[in-house]
Amino acid sequence: VGILLLHGGSRKVQDTIYGHWEFDKGNEMFFIEIRSRIRKAMMEVKERQDWHARMDALRQQKHMLRSQQPSGVDLMVQGGGPSQSGGDDADVTTDHDLDQLISNFDENADRQFEEQAYIAMLLRFLQLLCEGHNLRMQNYLRSQVNNVKSYDLITETAAFLESLEREIDKNNIHIAN
């Protein structure tokens, strides 16, 4: 709703929100929630990065297994390295098992990473609050002087963006969305 109200940088809506924050002492929960969502988004990015690292490791293991597999011999991975099959060890993984594991990971990826912080909408909302170089609103998002405790949403946002930037390269740019 906030995004729709602020669409286009409506100065009147910005001023109304600012007036509410400036004179209402009970708005601290809003800023706590915004900070909490930004921090949750940082954790979601880290979880997604870790998941992609595990997937990359599985794919590398599969590639290594296939590249070392002589024709007609079914190689298996045991203890992290390829070895010829020849036992009933429970932790032995065949090439087919790796295919199945990767397929299961791929199928569950969307379900596993359902966004709960809604960071894109949150950042858009914060952007619209400050549209038109609304310095008064920018300063209030940095420091809420009327609240018992102030939450610097500008620094929190910068920390989130830094957490994204720190890990991005050409191989994983797709996880930033």
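Is G2 buried, partly exposed or exposed? In this predicted model, G2 is partly exposed, with a relative accessible area of 22%, a value that falls outside the buried class because that class is confined to residues under 20%. The residue is placed in helix α1, which covers residues 2-6. Although G2 and L122 are separated by 120 residues in the sequence, their C-alpha atoms are 9.6 Å apart in space.

The chain as a whole contains 7 helices and 3 strands, and these elements follow one another along the sequence in the pattern α-α-α-β-β-β-α-α-α-α. Of its 177 residues, 31% count as buried. Among the contacts with a separation of 6 or more, 67% are made by residues lying 24 or more positions apart. The exposed surface of the chain amounts to about 11,400 Å², of which 53% is supplied by carbon and sulfur atoms.

Two helix pairs that share α5 were examined in turn. Two packed helices are described by the angle between their axes and the distance between the axes. For helix α3 (residues 28-67) and helix α5 (residues 119-130), the axes come within 10 Å and cross at roughly 135°, which makes α3 oblique to α5. The crossing by which α3 passes α5 is left-handed. On the α3 side, the contact is formed by F30, I34, R37, I38 and A41, and these meet I119, L122, F125 and L126 of α5. By residue class, the contact of α3 with α5 comprises 8 nonpolar residues and 1 charged residue, with no polar residue; the charged one is R37, because Arg is assigned to the charged class.

The second pair joins α5 to helix α6 (residues 135-142), where the helices pack at an angle of about 135° with their axes 7 Å apart; α5 and α6 are therefore oblique to each other. Here L126, L129 and C130 of α5 meet M137, Q138 and L141 of α6. The residues of this contact divide into 5 nonpolar and 1 polar, and none of them is charged. L126 takes part in the contact of α5 with α3 and also in that of α5 with α6.

A further set of contacts around α5 and α6 involves Q14, a residue of helix α2 (residues 11-23). Q14 counts as buried, at 1% relative accessibility. When residues up to four places away in sequence are set aside, Q14 touches L6, G9, L128, L129, C130, E131, N134 and M137. Of these partners, L129 and C130 on α5, together with M137 on α6, also belong to the contact between those two helices.

The loops that flank α5 each contain a residue other than glycine with a positive phi. In the loop between α4 (95-112) and α5 lies Y118, which has a positive phi of about 50° although it is not a glycine. Y118 is partly exposed, with a relative accessible area of 43%. In the loop between α5 and α6 lies H133, whose phi, likewise positive in a residue other than glycine, is near 55°. H133 counts as exposed, at 74% relative accessibility, because the exposed class begins over 50%.

Notes:
Residues are numbered from 1 along each chain as its sequence is written. This is a predicted model: local features need pLDDT of at least 70, side-chain atom pairs count only at pLDDT 80 or more; totals for chains, interfaces and linings use all residues. Side-chain values use heavy atoms; hydrogens and water are left out. Helices (H or I, at least four residues) and strands (E, at least two) are DSSP runs, numbered from the N terminus. Buried means under 20% relative accessible area, exposed over 50%, partly exposed in between (1.4 Å probe, protein chains only). Contact means heavy atoms within 4.5 Å. Accessible areas come from the Shrake-Rupley method with a 1.4 Å probe; for residues, only the protein chains shown count as cover. Axes are lines fitted to C-alpha atoms, for helices over the stretch in contact, and angles run from 0 to 180 degrees between N-to-C directions. Angles under 35 degrees count as roughly parallel, over 145 as roughly antiparallel, 65 to 115 as roughly perpendicular and the rest as oblique. A crossing is left-handed if the near helix is turned anticlockwise from the far one by less than a right angle, and right-handed if clockwise.
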